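Let us walk through this structure together, one region at a time. Keep the 3D view open and turn it as you read.

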Amino acid sequence: MGLTTLLFDLDGTLLPMDNDRFTKGYFKHLASSVAHLLPPEQFVAQVWASTKAMVKSDDALLSNEQVFKADFLQSLPVDEAAFFPIIDAFYAKQFGELSHLSEPTPLAREILLAALDKGYQLVLATNPLFPRQATLHRMRWAGIDDLPFALVTTYEDSHFCKPNPNYYREIVQKLGVSSESCMMIGNDAYEDLIAGTVGMQTYWVQNGEAAPEQRLPFDQQGTLQDLLEYVRAELPALR
């Protein structure tokens, strides 16, 4: 069966960024929004801990949001009804002002438009650790928020995270396609390339970082410019 569906990672792939710089800047602003309720150090430490709980979860009955909130609320003395609306408000507005922490490239939109022009179904397979509002902001930074993705994975509606292979299985199930008809495209040589273990083809986007020890096998590799040429010249048109 030939390819019909292309899955794209966002952070570090379609939206280049220095991950450490982004994380430090993002957490600084997020912690400030709730500093009147929790000490920043305590808050940030618990966000990391509850994020790890999401990543480790393999419960198909609980969304990532449910896992995160349950872990967070059982660990800190905060009132859910008072606390999380503040967090939601941060992601709705303030988070969107942090575009300077990323390094968008016009190649992202060119690649997606070339794939759409050939008839491919697109999935934004960003690790669903963020709420939908934060994901929409990052899509806007990348200049791709208006494109017709068949699916965008967020923590509200996903039940697994990368690198759990069930993350990719859930996408296939939601779309009603086969793994063999999909290609996962991303810069993380473990979290993205693990899609190959469920039968997907993989494209490793090289962004100048050294290959990690945990690098998994891949079918294709190259820079974003190489990826654009691959989509334009090598992927067959579906229509």
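A good place to begin is P163, which is found in the loop between β3 and α7 (165-175). Please keep in mind from the start that this is a predicted model. The peptide bond that joins K162 and P163 is cis, with omega at about 10°. As background, most peptide bonds are trans.

From that loop, step back to the sheet. What is the order of the strands in the open sheet? Its 6 strands are arranged as β3-β2-β1-β4-β5-β6, with parallel pairing. At the edges you will find β3 and β6 (220-222), each of which pairs on one side only. In general, strands of a sheet pair through backbone hydrogen bonds, and they can do so in a parallel or an antiparallel way.

Now follow the pairings one by one. Strand β1 (residues 5-8) runs parallel to strand β2 (residues 121-124), and 4 bridges join them. If you select L7, you can look across to its bridge partner V123 in β2. On to the edge: β2 and strand β3 (residues 151-152) also run parallel, joined by 2 bridges. Here L124 has V152 in β3 as its bridge partner. To get from β2 to β3, the chain passes through helix α6 (residues 132-142), and this β-α-β crossover is right-handed. Elsewhere in the sheet, strand β4 (residues 182-186) runs parallel to β5, again with 4 bridges between them. One residue to pick out is M183, whose bridge partner in β5 is Q201.

Let us turn next to the aromatic side chains. A pair of aromatic rings is described by the distance of the centres and the angle of the planes. The model holds 23 aromatic pairs. One of them is formed by Y26 and F27, a tilted pair with 5.0 Å centre to centre and 35° between the planes. Are these two residues, Y26 and F27, buried or exposed? The cut-off for buried is under 20% relative accessible area. Y26 has a relative accessible area of 7%, so it counts as buried. F27 is at 10% relative accessibility, and therefore it is buried too.

Y26 and F27 also belong to a cluster linked by ring pairs, together with F22, W48, F90, Y91, F95, F130 and W141. Among these, F90 has its place in helix α4. At 0% relative accessibility, F90 is buried. F90 and Q133 are 43 residues apart in sequence, yet their C-alpha atoms are 9.5 Å apart in space. Another member of the cluster, F130, has a charge for company: the charged end of R138 sits over the ring of F130, 4.4 Å from its centre. A second arrangement of this kind involves F84, where the charged end of K69 sits over the ring at 4.8 Å from its centre.

We finish with open space. How much space lies in the largest pocket? The value is about 1100 Å³. This pocket is lined by 45 residues, and the closest to its centre are D11, N19, N127, L129 and E191. Several elements give two or more residues to the lining: α1 (19-33), α2 (40-56), α3 (64-75), α4 (80-92) and β5 (201-205). Two of these names should be familiar by now, since α4 is where F90 has its place, and β5 is the strand joined to β4.

Technical notes: Residues numbered from 1 in each chain as written. Predicted model: local features only at pLDDT ≥ 70, side-chain atom pairs only at ≥ 80, totals over all residues. Heavy atoms only, no water. Phe/Tyr/Trp six-rings, centres within 6.5 Å; stacked < 30°, edge-to-face > 60°. Buried < 20%, exposed > 50% of the residue type's maximum accessible area, 1.4 Å probe, protein only. Lys NZ or Arg CZ within 6 Å of the ring centre and 35° of its normal. Pairing = 2+ DSSP bridges. Right-handed = clockwise from strand over helix to strand, strands pointing away. 1 Å grid on protein atoms, 1.4 Å probe; cavity = no way out; pocket = protein on both sides within 12 Å on 5 of 7 lines; lining within 4 Å. Points joined across faces, edges and corners; volume = space filled by probe spheres on them.
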